[in-house]
Amino acid sequence: MKPAKLVFFITLVFTLLSCENDQIKLNESNYLIFGRFYGMCIGSSCVLTYKLTDKGLYEDTNHNYSGNSYNFAAMDKKKHMIAKDLPDFFPQELLHEKEGIIGCPDCYDQGGILIQYIQNGKTKTWRIDNDKKNVPVYLHDFIDKVHEKINLINEKNS
């Protein structure tokens, strides 16, 4: 094999392997918490938070705005089927963001989304602005997908 082809092949393999490590995987010790929140709002739908594992979907019954006190209850399998592909839309770039706030979530009553990825006991947390003008472009589709999943989960007939 020519040296240029060998370098290309090694680079390609390295790139593919490094991308694989950035993807989130759900299993017994890795799960995703996602939700949305609105502060100037009345009712139980103002704060909706879910825990997604490889085995099921769980709803937080506390509806706590702070996002630091959960009481997860199992949801039916149909709801899990709705949400189970959400990790496929999780942007790899988010794993490289510093934990914390992206944009200014709910600063002017526009709400925000909460994302937590728990991997082997380590938690990464982001509160992300709903206003796409305030967040990186790579998050736009993911924000839409989180809202889509939450809306589908909460439909009466699903």
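These are my notebook entries on a predicted model, covering one buried residue, one helix, one cavity and one loop residue.

**Entry 1: Gln116**

I started with Gln116 and looked up its element, which is strand S6, spanning residues 112–119. I then checked its accessibility. The relative value is 9%, and buried means under 20%, so I noted Gln116 as buried. For the side chain I looked for polar partners and found Tyr70, whose side chain is joined to that of Gln116 by a polar contact of 2.9 Å. I also listed the contacts of Gln116, leaving aside neighbours within four places in sequence. Tyr70 is on that list too, together with Gly67. The other entries are Tyr31, Leu32 and Ile33, and further along the chain Thr123, Lys124 and Thr125.

**Entry 2: helix H4**

Next I checked the length of H4, which runs over residues 140–153. With 14 residues at 1.5 Å a residue, I expected a span of 20 Å. The C-alpha atoms at the ends are 20 Å apart, so the span agrees with the expected value. I then asked which residues of H4 are buried. My list reads His140, Phe142, Ile143, Lys145, Val146, His147, Lys149, Ile150 and Ile153. I noted that two lysines, Lys145 and Lys149, are among them.

**Entry 3: the cavity**

I searched for cavities of 30 Å³ or more and found one. The largest cavity holds about 40 Å³ of space. I wrote down its lining as Gly35, Arg36, Phe37, Val47, Thr49, Asn64, Tyr65, Gly67, Leu114 and Arg127. Strands S1 (30–37) and S2 (47–52) are the elements that give two or more residues to this lining. S1 gives the most, with three residues. By class, I recorded four nonpolar, four polar and two charged residues in the lining. Gly67 ties this entry to the first, since Gly67 lines the cavity and is also in contact with Gln116.

**Entry 4: Met40**

Last I looked up Met40, which sits in the loop between S1 and S2. Is Met40 buried or exposed? The relative accessible area is 68%, and exposed means over 50%, so I entered Met40 as exposed. Leaving aside neighbours within four places in sequence, I found Met40 in contact with Asp106 and Asp109. For Asp106 I also took the C-alpha separation from Met40, which is 8.7 Å, with the two residues 66 residues apart along the chain.

Terms used:
Residues are numbered from 1 along each chain as its sequence is written. This is a predicted model: local features need pLDDT of at least 70, side-chain atom pairs count only at pLDDT 80 or more; totals for chains, interfaces and linings use all residues. Side-chain values use heavy atoms; hydrogens and water are left out. Helices (H or I, at least four residues) and strands (E, at least two) are DSSP runs, numbered from the N terminus. Buried means under 20% relative accessible area, exposed over 50%, partly exposed in between (1.4 Å probe, protein chains only). A polar contact is a pair of N or O atoms within 3.5 Å; within protein, one must be able to donate a hydrogen and the other to accept it, and residues adjacent in sequence count only if both atoms are side-chain atoms. Contact means heavy atoms within 4.5 Å. The expected span of a helix is 1.5 Å times one less than its number of residues. On a 1 Å grid over the protein atoms alone, a cavity is a set of points where a 1.4 Å probe fits but cannot get out, and a pocket is an open set with protein on both sides within 12 Å along at least five of seven lines; lining residues have an atom within 4 Å of a point. Grid points are joined across faces, edges and corners, and a volume is the space filled by probe spheres set on the points. Ala, Val, Leu, Ile, Met, Phe, Trp, Tyr, Cys and Pro count as nonpolar, Asp, Glu, Lys and Arg as charged, and the others, Gly among them, as polar.
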